[in-house]
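Grab a viewer and a pencil: here are some exercises to work through with the structure open. Try each task before you read its solution.

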Amino acid sequence: MNLKTFRADLHVHSCLSPCGEFEMTPVGIVAFALEIGLDIIAVCDHNSAANVPGIRKAALGTGLVVIAGMEVATAEEAHILALFDDIQAALALQKIVYDNLLPGENDDDLFGMQIVANELDEVEKIEQRLLIGSTMMDVDTVVREIHALGGLAIASHIDRQSNSLIGQLGMISDDLPLDAVEVSYSGDVDAMQVYPGVSRLPIIRSSDAHQLDALGRAITKFRLAEPTVVELRKALQATDGREISGWSVAS
Ligand SMILES: [Zn+2]
Ligand SMILES: [Zn+2]
């Protein structure tokens with residue numbers, strides 16, 4: 001099997017995230033990702049996958065692979081990335097997450113508008129659910145639901161004080177079957193090793209971009225046979241020659 005190196009930014013927000021800029025549209029994200037030489041992006045909006053279909057369609061035929069993702073906020077207020085090959089699996093997780101969101105409506109003025117767009121950047125819907133809030137599912141439940149749907153579960157930006165497993169709990173339980181942890185572009189990978197449960201897990205770097213010029217500021221390079229979540233899982237487990245071959249982080 002021929003392995004190739006793929007440059008992946010596995011944590012990208014769109015204009016659906018209330019904190020995401022309007023410029024994070026399907027056409028805008030795909031064009032910028034291609035311009036900076038990315039092979040794979042994962043669209044991970046807060047508690048929703050509603051912009052994955054539009055961004056995937058916008059990338060059709062361009063060579064850019066769009067992984068169906070979501071950044072789920074657990075009851076502990078920790079963020080967990082969910083990555084899927086199958087868009088239906090991401091939408092199935094979205095249903096579970098919507099059923100478990102804390103009640104409330106988004107405040108456009110306070111948090112920002114939540115725009116669902118199609119592949120032509122046409123507005124399809126303004127989402128009113130309170131996506132910026134947490135779900136009522138604890139981290140074990142979230143990871144279990146992601147795995148039950150065939151996805152990868154990665155703890156977001158563990159170096160951050162807010163909305164991270166380490167920031168909220170100070171450790172990662174040995175019983176929590178995460179597939180990896182993410183250290184942000186500004187984080188210190190070595191400094192994270194002192195926290196219980198981190199050293200057993202593979203580390204990825206990604207941008208957590210909420211605006212275009214942040215896209216790709218941290219990426220992970222993977223050696224894969226093809227750009228799929230199935231192959232990413234092998235790389236995270238370092239099996240069949242698949243591996244993380246490095247990170248690239250803007251200074
Ligand atoms: Zn986050
Ligand atoms: Zn994020």
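Below are six exercises on this predicted model, each with a worked solution.

**Exercise 1. Work out the strand order of the open sheet, and find which strands sit at its edges.**

Start with the pairing. The open sheet has nine strands in the order 9-8-7-4-3-2-1-10-11, and the pairing is mixed. Next, look for strands that pair on one side only: those are strand 9 (203–205) and strand 11, the edge strands. Finally, the twist: from one strand to the next it averages 30 degrees.

**Exercise 2. Walk from strand 3 to strand 8, and give the sense of each pairing on the way.**

Step one: strand 3 and strand 4 are antiparallel, with six bridges. Here Val 72 faces Ile 80 of strand 4.

Step two: strand 4 and strand 7 also run antiparallel, joined by four bridges. Ile 80 turns up again, with Ala 155 as its bridge partner in strand 7.

Step three: strand 7 pairs with strand 8 in the parallel sense, over two bridges. Ala 155 sits opposite Val 181 of strand 8.

While you're on strand 7, check its side chains. Leu 152 and Ile 154 point one way, Ala 153 and Ala 155 point the other way, and all are buried.

**Exercise 3. Find the residues with the most contacts inside the largest nonpolar core.**

The core counts 73 residues, and the best-connected ones are Ile 41, Ile 80, Ala 82, Leu 83, Ile 154 and Val 181. Which strand gives the most to this core? That's strand 3, with six residues. Now zoom in on Ile 41: leaving out residues up to four places away in sequence, Ile 41 touches Asp 9, Val 12, Ala 33, Leu 64 and Val 66.

**Exercise 4. Check the length of helix 3 (87–99), then sort out its buried and exposed faces.**

Length first. Helix 3 has 13 residues, and at 1.5 Å a residue it should span 18 Å; the end C-alpha atoms are 18 Å apart, so the two agree.

Then the buried set: Ala 89, Ala 90, Leu 93, Gln 94 and Val 97. These cover an arc of only 145 degrees around the axis, which means they're on the same side of helix 3. The spacing fits a general rule: an α-helix has 3.6 residues a turn, so residues three or four places apart point the same way.

On the face turned away from the buried side you'll find the exposed residues Gln 88, Lys 95 and Asp 99. As for what covers the buried side, the list includes helix 2, strand 3, strand 4 and helix 5 (139–148). Helix 5 itself lies across strand 3, strand 4 and strand 7, at about 5 degrees to strand 4.

**Exercise 5. Compare the buried residues of helix 2 (52–59) and helix 8 (229–237), and see what follows each helix.**

Helix 2 is mostly covered, with six of its eight residues buried. They are Val 52, Pro 53, Gly 54, Ile 55, Ala 58 and Ala 59. Their packing partners are helix 1 (26–35), strand 2 (40–43), strand 3, helix 3 and strand 5 (115–117). Just past helix 2, Gly 61 has a positive phi of about 80 degrees.

In helix 8, the buried residues are Val 229, Leu 232, Ala 235 and Leu 236. They span an arc of only 110 degrees around the axis, so they lie on the same side of helix 8. Among the elements covering them are strand 10 (218–224) and strand 11 (243–249). After helix 8 comes Ala 238, with a positive phi near 55 degrees.

**Exercise 6. Decide whether these loop residues are buried or exposed: Asn 47, His 157 and Ile 172.**

The cut-off you need: 20 or more other C-beta atoms within 10 Å makes a residue buried.

- Asn 47, in the loop between strand 2 and helix 2, has 27 such atoms, so it is buried. Its phi is positive, about 55 degrees, although it is not a glycine.
- His 157, in the loop between strand 7 and helix 6, also has 27, so it is buried. Its phi is positive too, near 25 degrees.
- Ile 172, in the loop between helix 6 (165–169) and strand 8, has 22 neighbours, so it counts as buried. Its contacts include Ala 155, Leu 165 and Pro 196.

Note on methods:
Residues are numbered from 1 along each chain as its sequence is written. Chains are lettered from A and ligands numbered from 1 in the order in which they are written. This is a predicted model: local features need pLDDT of at least 70, side-chain atom pairs count only at pLDDT 80 or more; totals for chains, interfaces and linings use all residues. A residue is buried if 20 or more other C-beta atoms lie within 10 Å of its own, exposed if 12 or fewer, and partly exposed in between; C-beta atoms are placed from the backbone. The arc is that of the directions from the helix axis to the C-beta atoms. Two residues are in contact if their C-beta atoms, placed from the backbone, lie within 7 Å. A nonpolar core is a set of buried Ala, Val, Leu, Ile, Met, Phe, Trp, Tyr and Cys residues joined through C-beta atoms within 7 Å. The expected span of a helix is 1.5 Å times one less than its number of residues. Two strands pair if DSSP finds at least two bridges between them. Axes are lines fitted to C-alpha atoms, for helices over the stretch in contact, and angles run from 0 to 180 degrees between N-to-C directions.
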